[in-house]
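Here is my note on the model you sent. Please read it with the structure open beside you.

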There are 2 protein chains.
Amino acid sequence: MTKSENGKYTIGLLQLASSPDVNDNLKKAVSWTEKAAKEGAQIVCLPELYRSQYFCQKEDSKLFDLAETIPGTSTEAFQKTAEDFNISVIIPVFEKRAAGVYHNSAVVIDAGGEILGIYRKMHIPDDPAYYEKYYFAPGDVGFRTFKTRFGKIGTLICWDQWYPEGARLTALRGAEVLFYPTAIGWHPKEKERYGKAQKESWITIQRSHAVANGVYVASANRIGFEKPVPEQDGIIFWGSSFICDPQGVVLSQASEDKEEILLAEVNLDHIENIRRNWPFLRDRRIDAYDGIAKRFLDE
Amino acid sequence: MTKSENGKYTIGLLQLASSPDVNDNLKKAVSWTEKAAKEGAQIVCLPELYRSQYFCQKEDSKLFDLAETIPGTSTEAFQKTAEDFNISVIIPVFEKRAAGVYHNSAVVIDAGGEILGIYRKMHIPDDPAYYEKYYFAPGDVGFRTFKTRFGKIGTLICWDQWYPEGARLTALRGAEVLFYPTAIGWHPKEKERYGKAQKESWITIQRSHAVANGVYVASANRIGFEKPVPEQDGIIFWGSSFICDPQGVVLSQASEDKEEILLAEVNLDHIENIRRNWPFLRDRRIDAYDGIAKRFLDE
């Protein structure tokens with residue numbers, strides 16, 4: 001009997017820094033994924049846009065050259081890893097879909113190497129040094145789940161984590177775990193004054209998705225200071241990747257500044273137990289949520 | 001210039017125990033409301049069903065006698081307080097609407113004494129010792145806001161706090177503060193093993209509503225051990241009432257076991273600033289949230 005037949009499986013997050021060399025980043029990510037597999041991870045998730053430094057700090061049309069197709073270099077490399085190590089992997093990719101159509105995507109590859117599908121980031125930010133609306137067309141495949149050999153999972157990406165609606169819809173489709181590949185950090189000038197509250201907001205909102213939906217949440221962030229534009233201040237990526245259980249209890253959390261592998265066990269009995277004792281899904285007022293699909297409700 | 005003309009106003013929560021005597025409870029609540037007003041509170045919120053002990057620990061048709069009409073004893077008393085002290089108050093009432101039609105409601109009374117409206121608890125729990133589905137018909141007035149003389153506020157009630165949809169809809173209607181009159185506690189046998197995680201889930205989910213929506217959240221819970229059914233274990237109400245800012249930062253939090261007044265300042269400039277820097281409302285994918293009005297999305 002495999003672990004998953006027992007209603008249990010082990011998930012792993014990689015918290016990594018990205019260098020300016022896209023091939024080095026790929027090699028390192030493959031090598032760390034193999035290491036996580038050897039430590040027992042059955043589903044491994046990488047940080048958002050793992051293949052490059054966070055290029056969205058400026059708007060530059062040459063940077064679309066960083067995009068790759070699906071299937072492409074990343075998926076081919078990780079399909080082999082998934083086959084060799086019998087693990088599922090979530091690979092965030094700067095996706096070139098067509099000339100002029102790019103997405104911030106995540107590919108789910110099943111154990112054995114089959115591509116199960118793509119999620120395309122639905123909520124696209126645009127803030128100073130996070131100019132994502134320039135690079136990424138909003139996702140058009142909605143909120144999804146993927147039936148891996150070990151369990152049914154959902155993936156969302158970074159800015160999605162601030163939206164209860166994305167978590168809810170993915171959970172309603174049966175996800176047992178919500179993965180959030182992420183690239184979030186501090187503006188150096190804000191870190192001292194606002195840094196603690198910002199990071200705590202980020203942890204709180206994601207733990208709340210676990211609580212509201214009775215699912216595990218696993219968030220993989222990058223680390224490192226990246227300053228690609230000399231006249232800008234750069235971003236200090238805050239790491240702190242974590243996995244929490246369906247009650248929001250943090251099972252494992254990484255440092256702010258080291259490359260790490262985080263592991264935790266998903267237990268379907270625990271999901272059942274938590275949802276049975278805190279039956280939030282039972283009491284939803286689905287007759288009364290219509291206004292949610294409005295921008296604002298002027299009164 | 002009043003404080004509210006300045007975009008600032010002070011809110012106050014009462015954390016109280018309830019005795020078996022409904023008239024004593026009313027008297028005490030009025031007296032504490034006046035005390036809060038003297039300390040500077042301009043909008044005061046009481047705990048859920050403040051007028052009695054938490055009768056939902058058993059199903060007993062005689063207990064419907066505890067219900068009162070709106071207007072009725074509670075509203076008349078607090079309309080006077082609101083007039084005398086020029087404050088707004090949120091009064092949770094076990095509402096008798098008609099023979100056989102009862103609600104778990106909250107009345108918003110404006111400074112001066114006018115009743116602005118009623119909110120009726122939308123999400124009704126039913127768990128061992130919280131038999132609310134027996135007593136309360138689900139609310140039928142939806143998620144609302146109330147324009148008090150000081151600011152535009154929303155109120156939800158207890159179990160509603162586990163639902164991001166209720167918070168979202170109230171915020172989309174322009175609420176600056178979400179109030180949550182509450183009666184939540186531990187089963188004595190669970191407290192040692194699960195108590196910490198349960199209370200932390202409760203705080204986390206409510207702070208997340210502040211973060212997701214850029215609003216203040218103010219949650220008023222009761223305290224005390226109530227054991228109305230000799231053969232049951234009773235409930236230890238965990239207090240811990242709190243107020244947090246639009247980034248989820250806890251501004252003020254009460255003890256687990258003392259009657260207290262909590263005060264905090266609401267600042268509209270702070271809401272503007274947080275929403276401008278974390279523009280979550282801008283990027284909502286209102287084209288893609290339709291499934292939220294479904295019970296579950298079978299795949």
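**Notes on one residue and one interface**

1. A:Ser241 counts as buried, because its relative accessibility is 0%. The cut-off for that word is under 20%. Keep in mind that this is a predicted model.

2. Where does A:Ser241 sit in chain A? Look in the loop between β12 (235-238) and β13 (242-244) of that chain.

3. Now look at what surrounds this serine. Neighbours within four places in sequence are left aside here. A:Ser241 then touches A:Leu13, A:Gln15, A:Ser219, A:Ala220 and A:Asn221, and also A:Ser252, A:Gln253, A:Ala254 and A:Leu262. One of these contacts deserves a closer look. The side chains of A:Ser241 and A:Gln15 make a polar contact at 2.8 Å.

4. Next, turn to the interface of the two chains. Chain A gives 56 residues to the contact, and chain B gives 56 residues. The size of an interface is often given as the accessible area lost when the parts come together. Here the area buried between chain B and chain A is about 5,600 Å². Carbon and sulfur atoms give 58% of that area. On the chain B side, B:Arg285, B:Ile292 and B:Arg295 supply 12% of the area that chain B buries against chain A. That is more than any other three residues supply.

5. How many salt bridges does the rule find across the interface of chain B and chain A? There are 10. For an example, find B:Arg207 and A:Glu200. Their side chains meet in a salt bridge, with 2.8 Å from N to O. The rule also finds 37 residue pairs in polar contact across the interface, with both residues at pLDDT 80 or more.

6. Which elements of chain B build its side of the contact? Two of them, α4 (164-172) and α5 (188-213), give two or more residues to the side that touches chain A. The largest share comes from α5(B), with 10 residues. By residue class, the side of chain B that touches chain A divides into 28 nonpolar, 17 charged and 11 polar.

7. Finally, compare the two copies. A turn of 180 degrees, with a shift of 0.0 Å along the axis, lays chain B on chain A with an RMSD of 0.0 Å. This is the relation of a two-fold axis. The same surface serves both copies, and 100% of the contact residues of chain B recur in chain A.

Terms used:
Residues numbered from 1 in each chain as written. Chains lettered and ligands numbered in written order. Predicted model: local features only at pLDDT ≥ 70, side-chain atom pairs only at ≥ 80, totals over all residues. Heavy atoms only, no water. Contact = heavy atoms within 4.5 Å. Buried area = accessible area lost by both parts, 1.4 Å probe. Salt bridge = Lys/Arg side-chain N within 4 Å of Asp/Glu carboxyl O. Polar contact = N/O pair within 3.5 Å; in protein donor to acceptor, adjacent residues only side chain to side chain. Helix = DSSP H or I, 4+ residues; strand = E, 2+ residues; numbered from the N terminus. Nonpolar A, V, L, I, M, F, W, Y, C, P; charged D, E, K, R; others polar. Least-squares fit on C-alpha atoms with pLDDT ≥ 70 in both. Buried < 20%, exposed > 50% of the residue type's maximum accessible area, 1.4 Å probe, protein only.
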